[in-house]
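Colleague: Could you walk me through how to read a model with two copies of a chain? I'd like to go feature by feature.

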Number of protein chains: 2
Amino acid sequence: MYSLQFTAESSSNGMLERDFTLGDVPGVLWSPASGTADRAPLVLMAHGGGNHKKHPAMAGRARLLVTGCGFHVAVIDAPGHGDRPRTAHDEAEVAELFRARAAGEPEGPIVVRYNDHLAERAVPEYVAVLDALQDRPEIGTDESVGFWGINMGTAIGVPFVAVEPRITAAVFGQHWPDALAEKAKRITVPIEFDLQWDDEHIAREDGLALFDAFASKEKSLHVNSGKHKELPRYEAESAVRFFARHLGRTFTSPA
Amino acid sequence: MYSLQFTAESSSNGMLERDFTLGDVPGVLWSPASGTADRAPLVLMAHGGGNHKKHPAMAGRARLLVTGCGFHVAVIDAPGHGDRPRTAHDEAEVAELFRARAAGEPEGPIVVRYNDHLAERAVPEYVAVLDALQDRPEIGTDESVGFWGINMGTAIGVPFVAVEPRITAAVFGQHWPDALAEKAKRITVPIEFDLQWDDEHIAREDGLALFDAFASKEKSLHVNSGKHKELPRYEAESAVRFFARHLGRTFTSPA
């Protein structure tokens, strides 16, 4: 068992940012600047493929969750991403993805297979990070915990939430059902799911099949026109409202 | 040409309610209590089948739009609904619907056919009401106009918006594509569309086909688990945020 080590700390506009490591996994914990003493719910996030824990999409979502709702938010670099080394297997799969992309071949089969491999490595890391964060006095074990991950974040998040009873609400989206549908059938917590209607990589019926697979009694699908990378910004605010409803806080839109 | 006649006026909690008639069509106009002198955008609404202009769903949506965004909101009774007489044809169709429902037969074919008939009668009424409302000093012709109608409101709204260039954003949902898809193909303004994933009347593929038919470059689909009448309340707030974005106002959630 490793324990959480804080390695850097900064603060801006009402949000405290603390880098941490847990063993060799680097992560970041964002919290209300005023309130590390007051317990608050936690949202675990997972970043998209090729990105990292502090990608602007992560920092932007964290700002909404922290300053809008008072939540704590944590992300870790996925295996082979951000500050983590790539294995020979990572290098080979990334090269194969770039080759397929350049050749105009479908990316889906490679992404599905590689993300599934990454999820096997990442799920135990997310469990360990949640253990360690719940040892922190400002989080604890009584506060609700949510999960938010799109694209590769869904490939990691669906297997994670399927085995992690501490997650009580999750936002997923934009992934193929192949490696995930069977695991989604074990998920019963409320979910919000994003899908792009004109996704050039993921066929509509595939995205709909993954949404359909969740056993959740309460689930919402948000489809928007546009291609894979054109997920509208207002879906981030929608996800934050979803977490506010389900983790028991009020969202106050930043000015 | 008839002109708008106000027949009653009341005010509560920051919202002015004025009943009106335009010829033999009864309607209601909700406005900010403080601001009938200040011009503001207008949202036209259409109620659901078997309901009427002041159904709690209409009044509730109006309150969000008026007190949250400062919009004007108008609804009229559909033909054969609310304070309007039923024709022999209305009586026969309603009786046929109740008979099918009691016999456990599909309601779709009857609803599709009857709603299409009602839309033919209602569309010119909506055009005339919009003309008359734009003659009002607090609305005018320079302010944006939106349309919001679910169920029968969509059966009336799709043909209306397809022929009405003054509508610049619309919320629809929960209807069969049969009589509407061809008209939806002529609609290019931004839309938000609601669909219930476990609708006992409208098959998923039918709901998705109607969403797909809209030619709008910017369109969003909100699917929720649950049956036909279980559309979640938070979709009303989502629709109000949609109108705030597209009609150029800010939504301030009522306390």
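Colleague: How many bridges join strand S9 of chain A to strand S9 of chain B, and do the strands run parallel or antiparallel?

Modeller: Before we start, keep in mind that this is a predicted model. For strands that meet across chains, look at the bridges and then at the direction. Here S9 of chain A, residues 219-224, is joined to S9 of chain B, also residues 219-224, by 5 bridges, and the two run antiparallel. To pick out one pair, A:Leu221 has B:Val223 as its bridge partner in S9(B).

Colleague: Which rotation superposes chain A on chain B?

Modeller: For symmetry, read the angle together with the shift. Chain A falls on chain B after a rotation of 180 degrees, with 0.0 Å of shift along the axis and an RMSD of 0.0 Å. That is why we can speak of a two-fold axis. Within chain A, A:His222 has the C-alpha nearest that axis, at 2.4 Å. Both copies use the same surface, as 100% of the contact residues of chain A recur in chain B.

Colleague: And what is the side of chain A that touches chain B made of, by class?

Modeller: Count first, then classify. The contact involves 10 residues of chain A and 10 residues of chain B. On the chain A side, 5 are polar, 3 charged and 2 nonpolar.

Colleague: Which residues touch the most other members of the largest nonpolar core?

Modeller: The general idea is that nonpolar side chains in soluble globular proteins tend to be buried together. In this case the largest core has 140 residues, and those touching the most other members are A:Leu65, A:Phe71, A:Phe243, B:Leu65, B:Phe71 and B:Phe243. Beyond its neighbours within four places in sequence, A:Phe71 has contacts including A:Leu65, A:Phe243, A:Leu247 and A:Arg249.

Technical notes: Residues numbered from 1 in each chain as written. Chains lettered and ligands numbered in written order. Predicted model: local features only at pLDDT ≥ 70, side-chain atom pairs only at ≥ 80, totals over all residues. Least-squares fit on C-alpha atoms with pLDDT ≥ 70 in both. Contact = placed C-beta atoms within 7 Å. Nonpolar A, V, L, I, M, F, W, Y, C, P; charged D, E, K, R; others polar. Pairing = 2+ DSSP bridges. Helix = DSSP H or I, 4+ residues; strand = E, 2+ residues; numbered from the N terminus. Core = buried A, V, L, I, M, F, W, Y, C linked by C-beta atoms within 7 Å. Buried ≥ 20, exposed ≤ 12 C-beta atoms within 10 Å, placed from the backbone.
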